Amino acid sequence: MKDSAQFYSNRVLRVWRDKDDTHVEWVKAFLSILRELGAYVKQFHTTGLVWNPKGQEPSDALQIFNPDVSPASGVESTDSGPATRGALFADLNKGGSVTSGLRKVEKSEMTHKNPSLRAGGTVQGKSQPAGSKQPVVTSAAPQRPPRMALEDNKWIVENYGTEHLTIEATETKQTVYMYNCKGTTLEVKNKLNSIAIDSCQKCGVVFDALVAECGIVNSKSVQIQARETVPSIQIDRTDGAHVFLSEQARDNTQIITAKASEVNVSYPFETKNQEDDNYIEQPIPEQFQTVIKDGKAVTTIFEHTG
C-alpha cells in the first residue's frame, strides 16, 4: 500500500515543493502513517483484523479508551438555537428596509461616471488617495541547501550545483528522486526500481538498470544514459532531452513524450562492417497531423517534404 501511495505522493511533491510546505509535510505524514500502520498490523493482526460479531455502541467503546470523556462531551452541537434563526428570518421579512444599513455610494466612487476607475479595475476608498499605492516588493525565494539522503527506500537528491554525485543502490525496490539541480552529474550504480528527474537544468544521469521507468518532468537540457536495461522512459513538459540507450535496451525500451521538445535518442547500430559500427542519433517527432476518416480522428507524424 505504501509503495502504491508513493507514486501519487511524488506528484504532490513535484507540484508543491518550494511553493507550499504544507503539502510537503502532509505527504511525509501520510507516508509515515502507512509505514506505522504496516508495522502495527504485522505485530497485532498477523492473520487479519479481528471483529466483534455482537457489536458495541460507539459511546461505550469511547469510554473504554478514555473513561474521563462522557458520551455527550465528544459531540459538539452545530445548532445555534431558534433565537438566531428567528432573528435571521425577521431581517429578511423587513422587505425594502433591510438595505437601510448600507452606505450610499458617492458620485466620485461610481465607475460609470469615472473612466479612470474603470481603467484601474478597483475602486479606492476615501482613506487612500489615488497615487499613494505602495509598490509591491517581491523577494527572491530563499535558496535551499543541497541534500542527498535515503528516506525509507527513496533517495532524495535536491538543490545541487555543478557536482558529481554517486549513489549505490542496495535493493531493487529503492527509487531516486532528483529535484532542482543545475549542472549536476548523478551516477546510480546497481539495479533499482525507478528514477524521477524533476525541475532540473543541464543535468546528466547515468544508471545501470531499472525495474520500472525513468521519468523526466519540468526540466531543460537533461541527458540520461542506460548502461543496461530500462523498460520505459517518460518525458513530460521538458525542453531538451537526450537519451542514450545501450545495446540491451535499444530494442526493449519504450519512450513516451508529452509537451516535450528537442528530444533525441542515441543507440548503437550494427552493420556488416564492424568498423562502421557507431551510435546513431534520431530525433523524437514533435509535430503531428490529424485528419478525420470515416468519422474517426487519425493522427500521424507530420513530415516536411522539400
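Helices and strands are runs of residues assigned by DSSP, helices having at least four residues and strands at least two, and both are numbered from the N terminus. This report applies these terms to a predicted model.

## A residue with positive phi after the first strand

D152 is found in the loop between β1 and β2, the latter spanning residues 154-158. Although D152 is not a glycine, its phi is positive, at about 60°. Most residues other than glycine have a negative phi. D152 is partly exposed, with a relative accessible area of 39%.

E262 also has a positive phi, of about 55°, and is not a glycine. This residue is placed in strand β13 rather than in a loop. Is E262 buried or exposed? At 55% relative accessibility, E262 counts as exposed, because the cut-off for that class is over 50%.

## The seven-stranded sheet

Seven strands make up an open sheet with mixed pairing, in the order β1-β2-β4-β6-β8-β10-β12. Which strands stand at the edges of this sheet? They are β1 (147-151) and β12 (254-258); each has a single partner strand, so one side of each is left without a neighbour in the sheet. From one strand to the next, the twist averages 10°.

Inside this order, strand β4 (residues 175-179) runs parallel to strand β6 (residues 194-198), and five bridges join the two. One of the residues concerned is Y177, whose bridge partner in β6 is A196. In a regular strand the side chains alternate between the two faces of the sheet.

## Pairing around strand β13

Strand β13 (residues 261-269) is joined by five bridges to strand β11 (residues 239-244), and the two run parallel. Within this pairing, A241 stands opposite V263 in β13. Strand β13 also pairs with strand β14 (residues 278-283), here in the antiparallel sense and over six bridges. F269 has N278 in β14 as its bridge partner. The exposed residue E262, described above, belongs to β13 as well.

## Helix α2

Helix α2 covers residues 21-44. How many residues does α2 have, and what distance does it reach? The helix has 24 residues and reaches 34 Å from its first C-alpha to its last, which is close to the 34 Å expected at 1.5 Å a residue.

Among the residues of α2, V24, V27, L31 and L34 are buried. An α-helix has 3.6 residues a turn, so residues three or four places apart point the same way. The buried residues may be read along the helix with this rule in mind.

L37, Y40, V41 and F44 make a nonpolar surface patch of about 370 Å². Of these, V41 is placed in helix α2. V41 is partly exposed, with a relative accessible area of 34%, and therefore passes the limit of over 30% that applies to patch residues.

## Salt bridges

How many salt bridges does a search of the whole structure find? The search finds nine. The table presents three of them, with the closest distance between N and O atoms.

| Basic residue | Acidic residue | N to O distance |
|---|---|---|
| R144 | D21 | 3.0 Å |
| K173 | E171 | 3.8 Å |
| R237 | D236 | 3.1 Å |

The pair of D21 and R144 links distant parts of the chain, as the two residues are 123 residues apart. D21 lies in helix α2, whereas R144 lies in the loop between α5 (115-120) and β1. D21 is partly exposed, with a relative accessible area of 41%, and R144 is partly exposed at 33%.

For the second pair, K173 has a relative accessible area of 49% and is partly exposed. Its partner E171 is partly exposed too, with a relative accessible area of 36%.

In the third pair, R237 is partly exposed, with a relative accessible area of 41%. D236 counts as partly exposed at 26% relative accessibility. Elsewhere, R147, E151 and E158 are joined into one network by salt bridges that share partners.

Definitions and conventions: Residues numbered from 1 in each chain as written. Predicted model: local features only at pLDDT ≥ 70, side-chain atom pairs only at ≥ 80, totals over all residues. Heavy atoms only, no water. Pairing = 2+ DSSP bridges. Axes fitted to C-alpha atoms, helices over the stretch in contact; angles between N-to-C directions. Salt bridge = Lys/Arg side-chain N within 4 Å of Asp/Glu carboxyl O. Buried < 20%, exposed > 50% of the residue type's maximum accessible area, 1.4 Å probe, protein only. Expected span 1.5 Å × (residues − 1). Patch = residues over 30% accessible without salt bridge, like charges linked within 9 Å, V, L, I, M, F, W, Y side chains within 5 Å. Areas by Shrake-Rupley, 256 points an atom, 1.4 Å probe, with all protein chains shown as cover.
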